[in-house]
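Dear colleague,

I am handing over the structure we spoke about, and you will find it directly below. After it I have set out what turned up when I went through the pocket and the charged side chains.

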Amino acid sequence: MKYKIGEVSRLPGISSEGLRLYERNGVISSEKDSDNGYRYYRHLDISALIRSRTYRNYGFSMKETAQLLNMADLEQVEQMYRKREEELGQEISLLEQKLRYLRQMEDLIAGAEKNLNQCVTEESPGMYRFEFMDQHRIILDDQGKDRFSRWVEMVPFSFLSMRCPLKSLLKQENHIVSALGIMEEYASFLDIGVSEYITYYPPRMSIYTIVKEDRDRFDSVSCFNHVLRYAREQGLKPCGDSIARTFVSLNRKDNYVRYRQVWLPVTSAHAPQTTS
């Protein structure tokens with residue numbers, strides 16, 4: 001039996017254009033009737049289309065699907081299955097990490113307003129930072145810009161992060177160094193390490209808070225007033241640059257509200273002070 005393109009495409013749920021794509025890639029082949037110019041397909045083409053949907057749903061590319069359908073060696077098919085198994089395992093691992101990260105963000109967002117401007121003393125998380133802007137001026141050379149783009153591709157694990165130099169904070173000066181950050185707990189999975197562009201900030205005893213910014217720039221002076229006041233009340237001395245992570249942004253068109261986690265390294269007021 002011979003079947004027209006409309007009949008063949010309808011059974012596996014493929015559009016006529018999609019059917020032509022399968023044909024161009026060698027998954028199926030048609031025969032042209034010299035009398036009427038129509039192209040016809042055989043029943044085996046329908047079987048091949050259904051089987052190709054299986055391969056496609058495994059994640060094989062169209063080219064790989066055509067290879068699998070046209071292979072004569074069972075061992076080669078097995079090798080392609082094993083390769084795809086490894087790839088699927090990596091994809092599943094990535095999805096599991098994304099799910100874990102998403103749940104962490106959900107918890108942060110759920111408690112954002114409740115914890116706004118509340119200060120606690122705790123150990124900051126380790127963080128890798130790729131700084132790219134100082135006071136709204138891009139500071140990367142050409143090589144740095146190329147490497148930075150890889151970090152952009154690692155969202156959501158990479159995030160916007162601000163560093164406020166301690167000296168500027170103590171002088172009530174608004175100085176911001178912007179970066180993309182990645183938490184240490186995800187660094188191994190993402191194969192991130194220290195380099196000429198990437199700085200590691202280890203866990204340190206810090207004052208932690210959540211701040212809300214609703215202007216066109218991050219005002220470190222106003223955002224840190226309550227943190228510095230808390231430090232004085234608790235007998236703590238700031239001893240390093242503060243690090244912030246933006247975890248949600250809202251209302252971009254009107255007021256551009258951002259919520260940020262902030263860590264300010266501290267030490268006892270009676271201990272020798274160190275700076276970073």
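The second largest pocket has a lining of 12 residues, and those nearest its centre are S124, Y201, P202, I243 and P265. Please keep in mind throughout that this is a predicted model. The volume of this second largest pocket comes to about 160 Å³, and its lining residues divide into 7 nonpolar, 3 polar and 2 charged.

Turning to the charged side chains, the structure holds 13 salt bridges, and I describe some of them here, with the burial of each partner.

In one of them, the side chains of E113 and K212 meet with an N to O distance of 3.7 Å. This pair links distant parts of the chain, since E113 belongs to helix α6 (residues 112-115) and K212 to strand β10 (residues 205-213), 99 residues apart. E113 counts as partly exposed because its relative accessibility is 48%, and K212 is likewise partly exposed, with a relative accessible area of 38%; the class of partly exposed residues lies between the limits of 20% and 50%.

Another salt bridge joins D241 and R163, whose closest N and O atoms are 2.8 Å apart. Here too the pair links distant parts of the chain, with D241 in the loop between β11 (236-238) and β12 (242-250) and R163 in strand β7 (residues 158-164), at a separation of 78 residues. How buried or exposed are the two partners, D241 and R163? D241 counts as buried because its relative accessibility is 10%, and R163 is buried as well, with a relative accessible area of 14%, the cut-off for buried being under 20%.

R129 and E131 also form a salt bridge, and the closest N and O atoms of this pair are 2.6 Å apart. R129 is buried, its relative accessible area being 0%, and E131 is also classed as buried because its relative accessible area is 18%, which falls under the limit of 20%.

Finally, there is a group of charged residues that goes beyond a single pair, namely K83, R84, E87 and E91, which are linked in a network of salt bridges.

With best regards

Notes:
Residues are numbered from 1 along each chain as its sequence is written. This is a predicted model: local features need pLDDT of at least 70, side-chain atom pairs count only at pLDDT 80 or more; totals for chains, interfaces and linings use all residues. Side-chain values use heavy atoms; hydrogens and water are left out. On a 1 Å grid over the protein atoms alone, a cavity is a set of points where a 1.4 Å probe fits but cannot get out, and a pocket is an open set with protein on both sides within 12 Å along at least five of seven lines; lining residues have an atom within 4 Å of a point. Grid points are joined across faces, edges and corners, and a volume is the space filled by probe spheres set on the points. Ala, Val, Leu, Ile, Met, Phe, Trp, Tyr, Cys and Pro count as nonpolar, Asp, Glu, Lys and Arg as charged, and the others, Gly among them, as polar. A salt bridge is a side-chain nitrogen of Lys or Arg within 4 Å of a carboxyl oxygen of Asp or Glu. Helices (H or I, at least four residues) and strands (E, at least two) are DSSP runs, numbered from the N terminus. Buried means under 20% relative accessible area, exposed over 50%, partly exposed in between (1.4 Å probe, protein chains only).
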